[in-house]
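I opened this model to look up how its helices are arranged and what they show at the surface. My entries follow in the order in which I made them.

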Amino acid sequence: GCALLNVTLIQVLGYVMKKSRLLPESALQGAGTFIGLVSLPAIYFRAVATLDFSTVRVEVLLALLLGKLVLMAVSVGLGRATRGVAEASSGDSEMRSGIFALLTTNSDDLGLGLPVMGALFPKEMVNMCYVLNAM
C-alpha cells in the first residue's frame, strides 16, 4: 500500500516538475543517463546478488515464460497476417512481427510490479520481480 503510494507520488511530482519547467532539459538528459547506466544496473546487481534462490518459485517462472511465448507467437502471427502485398519480400513483415512481440512481452515488470507485489505478497515473492524482469 505505502510503496505504491510512494511510487505514484514520485511519478506525479516528476510530471509536474517537467510540465512546469522546474527542471531544465539538460538536467533531464543527465538524470536519464545516470539512472539508465549507473543506478538501475546497481539495483539489479544488488538484488540478484542477495536473492535467496530457494524462495524463487519455478512454477511461477515457467508460467510467465509460457505466457510470454504464447503472446510472442500471437504477435508474430498478427504481424504476418497484417502485412501488405508490397511488404511480402522486403522484410517489413518480420520487422512488424518483432515490434508487436516486443511491445506485448516487454512490460514494466519492475517499475510497476515491485510496488504492487510488495503491497499484496510477502517479501520473498517480491524478490522474484528481479528474476521476472530478466525474462
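I looked up Phe100 first and noted it as partly exposed, because its relative accessibility is 30% and that class lies between buried (under 20% relative accessible area) and exposed (over 50%), with a 1.4 Å probe and protein chains only. Phe100 sits in helix α4.

I noted that this is a predicted model, in which local features need pLDDT of at least 70 and side-chain atom pairs pLDDT 80 or more, while totals for chains, interfaces and linings use all residues. Residues are numbered from 1 along each chain as its sequence is written, and side-chain values use heavy atoms, with hydrogens and water left out.

I then turned to the nonpolar surface patch of about 670 Å², which Phe100 forms with Leu66, Val70, Val74, Leu78, Ile99 and Leu103. Helices α3 and α4 (92-105) each give two or more residues to this patch, and α3 supplies the largest share, 4 residues.

For α3 (residues 58-81), I recorded 24 residues and a reach of 34 Å from first to last C-alpha, close to the 34 Å expected at 1.5 Å a residue. I found Leu61, Lys68, Ser75 and Gly79 buried in α3.

For the whole protein chain, I listed 7 helices and 0 strands, helices being DSSP runs (H or I) of at least four residues and strands runs (E) of at least two. Buried residues make up 18% of the 135 residues. Of the contacts (heavy atoms within 4.5 Å) between residues at least 6 apart in sequence, 56% join residues at least 24 apart.

How values were computed:
The expected span of a helix is 1.5 Å times one less than its number of residues. Patches are made of residues with over 30% relative accessible area and no salt bridge: like charges are joined within 9 Å, nonpolar side chains (Val, Leu, Ile, Met, Phe, Trp, Tyr) within 5 Å. Accessible areas come from the Shrake-Rupley method with a 1.4 Å probe; for residues, only the protein chains shown count as cover. A salt bridge is a side-chain nitrogen of Lys or Arg within 4 Å of a carboxyl oxygen of Asp or Glu.
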